[in-house]
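Reader: I should like to learn how strands, helices and empty spaces fit together in a protein model. May I put some questions about the one shown here?

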Amino acid sequence: MCGIVGLFLKDKSLEPKLGEMLSEMLVSLSDRGPDSAGIAIYGAPSKNEAKITIQSAKPTRDFRDLDIELAKAIGAPVSIAVKSTHAVVRTAPAKIDETREAIQALRPDIRIMGAGDVVEIYKEVGLPEAVVDRFDLRKMTGTHGIGHTRMATESAVTTMGAHPFSTGADQCLVHNGSLSNHNNVRRELIREGMKFETENDTEVAAAYLSSQMAHGKNLGEALEGTLSDLDGFFTFVVGTKNGFGVVRDPIACKPAVMAETDQYVAFGSEYRALTKLPGIDNARVWEPEPATVYFWEH
Amino acid sequence: MPATKLSKAATQDQASRIFDLDVSSLRELNQALHNLTPGSNETAWEVLHPKGSHSVAVGVDQPVSIDVRGSVGYYCGGMNSGSTITVHGSAGPGVGENMMSGAIIVKGDASQYAGATGKGGLLVIEGNASSRCGISMKGIDIVVHGNIGHMSAFMAQSGNLVVLGNAGDALGDSIYEARLFVRGKVDSLGADCIAKEMRPEHLELLQGLLDRAGVTGVKPSEFKRYGSARTLYNFNIDNADAY
């Protein structure tokens, strides 16, 4: 099973409601995957700061004074906003790699969920409703976002096994299905220098796309590559800094439905995820074709 | 004439039992439908705000009419036996799965495996159907006004699939005995599925299906017939590649 949602806004006036809309969509698919849930939200870009979303099982211990210690370590201002088990660290874009290394050196137990100029990622075990409430996701604003509610098949029910998976700056991916050649692809990507946090097949797909894009492909071309290089069942929904993409494998047995209006492009594993969107009754609604790449960019 | 229509609509409204799924639960709707007994006067039902719910009106076994105002999720009208269900919207995966008799009319599009394993009755999709339409059909008649996706009529055993538009890849893969009529192009035929001659009895059969599905202005002679080459009935080593 697993449930996926995605929402890419064209109409700026909806941006304040992105979190609310995406949360509704995710919660409506709770019974497709009750073991964990996650959401990635692309907020407004800021010229002078980039973000790292971090997670800790012991947030009070790990997040206390982290901003002060990080600022000292990298020699630049750092701010930190804590939300339950997650926190968003903000610093100058040029200092982002250094900050990442400093986090891992100072607090080895902290897990990095994702990093980039605009993305924030929140994921935890539990029902979508609980995850949405825990991180107050309904209040978030942004341009686009993706979400996932998981029924674990390929790896353990843990925070890190939840989706979205982010393996590159501002990139993330959610997946419904299972891959059969992920161990081979993982080995190849490790040889290229990619690092993996889990045994999860979806993390391999995310890293595959990051690797393709690092080699100069655009999102559409990278998604095209999944059709020949990844084996198994998949519906992928992918976010980049300014883009949103969808692809299904050639068998296409994992469900998918899309809707487009002048205001947005939306994706859901089932139509019921889309029923509360504005203007859905007059939207163009269709089922994405197998082995066909769809993507939009701002 | 408008007056006649209005008065007819008014009578129907009075007689029809309305279930608003914003107010009632799906379980209440299906239980009320299952409680119907032969000869019941509650012959007209209306379902409001289905909002993509799963299993709307499954397992109905009385000859009532059910109008669903909006789009439904998985398995709408599954196992239908005798009722006429009209979905005024689109249908999710498995609409009319294992239907025994009666009719289901989808005004919009249908998702994957529409009419799967159906043993009887008529399924009409006025929009497009997706992949695996009529998979393992066992006697159902399916009429699709638009196109159908890949692997449709996979392992079909009996019944008729009529497509006014185009068919995707591997139509009729490993087909046993069903008749497939396609008016548009077929991307490719699956294992053991071949084009067949349209004999007078097929033209007559097709005309009957088009009439029952409310299709007008389309002639049976515009269709091609496809069916089983029957080479995979018994294992034969020469056919090993086709299995």
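Author: Certainly; please note that this is a predicted model. A good starting place is an open sheet of seven strands in chain A, with antiparallel pairing and the order β7-β2-β8-β1-β14-β13-β15.

Reader: Which strands stand at the edges of this sheet?

Author: An edge strand has a single partner strand, so one of its sides is left without a neighbour in the sheet. In this sheet of chain A, that applies to β7 (119-125) and β15 (284-286).

Reader: How many degrees does the twist average from one strand to the next?

Author: The twist is taken between successive strands of the sheet just described, and the values are averaged. The result is 10 degrees.

Reader: Which residue stands opposite A:F8?

Author: Strand β1 (residues 3-9) of chain A pairs with strand β8 (residues 144-150) of chain A over six bridges, in the antiparallel sense. The residue opposite A:F8 therefore has its place in β8(A), and it is A:H144.

Reader: What angle does the direction of helix α1 make with that of β1(A)?

Author: Helix α1 of chain A, residues 18-28, packs on this sheet. It touches β1, β2 (36-42), β8 and β14 (264-268) of chain A. With the direction of β1(A), that of the helix makes an angle of about 155 degrees.

Reader: Which strands are at the edges of the open sheet of five strands?

Author: This sheet of chain A has the order β9-β10-β11-β12-β16, again with antiparallel pairing. Each edge strand has a single partner strand, so one side of it lacks a neighbour in the sheet. The edge strands of chain A are β9 and β16 (293-297).

Reader: By how many degrees are neighbouring strands of this sheet turned against each other on average?

Author: The direction of the strands is ignored in this average, which is taken over neighbouring strands of the sheet. The value is 20 degrees.

Reader: Which residue stands opposite A:G168?

Author: β9(A) and β10(A) run antiparallel and are joined by two bridges. Opposite A:G168, in β10(A), stands A:Q171.

Reader: What angle does the direction of α7(A) make with that of β10(A)?

Author: α7(A) packs on the five-stranded sheet. There it touches β9, β10 and β11 (232-239) of chain A. The angle between its direction and that of β10(A) is about 135 degrees.

Reader: And what angle does the direction of helix α8 make with that of β12(A)?

Author: Helix α8 of chain A, residues 219-229, also packs on this sheet. Its contacts are with β11, β12 (243-248) and β16 of chain A. Its direction makes with that of β12(A) an angle of about 20 degrees.

Reader: What volume does the largest cavity have?

Author: A search of the whole structure finds two cavities of 30 Å³ or more. The lining of the largest cavity includes A:C2, A:R150 and A:H175, and its residues divide into two nonpolar, six polar and three charged. The volume of this largest cavity is about 70 Å³.

Reader: Which element gives the most to the lining of the second largest cavity?

Author: The second largest cavity holds about 50 Å³ of space. Its lining has seven nonpolar, four polar and no charged residues; among them are A:F165, A:L209 and A:M213. With four residues, the element that gives the most is α7(A).

Reader: Which element gives the most to the lining of the second largest pocket?

Author: About 710 Å³ of space lies in this pocket. Of the 27 residues that line it, the closest to its centre are A:R100, A:S166, A:T167, A:G168 and A:K195. The elements that give two or more residues are α4 (96-106), β6 (111-116) and β9 of chain A. The most, five residues, comes from β6(A).

Reader: What volume does the largest pocket have?

Author: Its lining divides into 19 nonpolar, 15 polar and nine charged residues. The volume of the largest pocket is about 890 Å³.

Reader: How far apart in sequence are the parts that the pair of B:Y176 and B:Y233 ties together?

Author: The ring centres of B:Y176 and B:Y233 are 6.2 Å apart and the planes are at 50 degrees, so the pair is tilted. B:Y176 lies in the loop between β8 (158-163) and β9 (179-182) of chain B, and B:Y233 in the segment after β11 (224-228) of chain B, so the parts tied together are apart in sequence by 57 residues.

Definitions and conventions
Residues numbered from 1 in each chain as written. Chains lettered and ligands numbered in written order. Predicted model: local features only at pLDDT ≥ 70, side-chain atom pairs only at ≥ 80, totals over all residues. Heavy atoms only, no water. 1 Å grid on protein atoms, 1.4 Å probe; cavity = no way out; pocket = protein on both sides within 12 Å on 5 of 7 lines; lining within 4 Å. Points joined across faces, edges and corners; volume = space filled by probe spheres on them. Nonpolar A, V, L, I, M, F, W, Y, C, P; charged D, E, K, R; others polar. Pairing = 2+ DSSP bridges. Axes fitted to C-alpha atoms, helices over the stretch in contact; angles between N-to-C directions. Contact = heavy atoms within 4.5 Å. Phe/Tyr/Trp six-rings, centres within 6.5 Å; stacked < 30°, edge-to-face > 60°.
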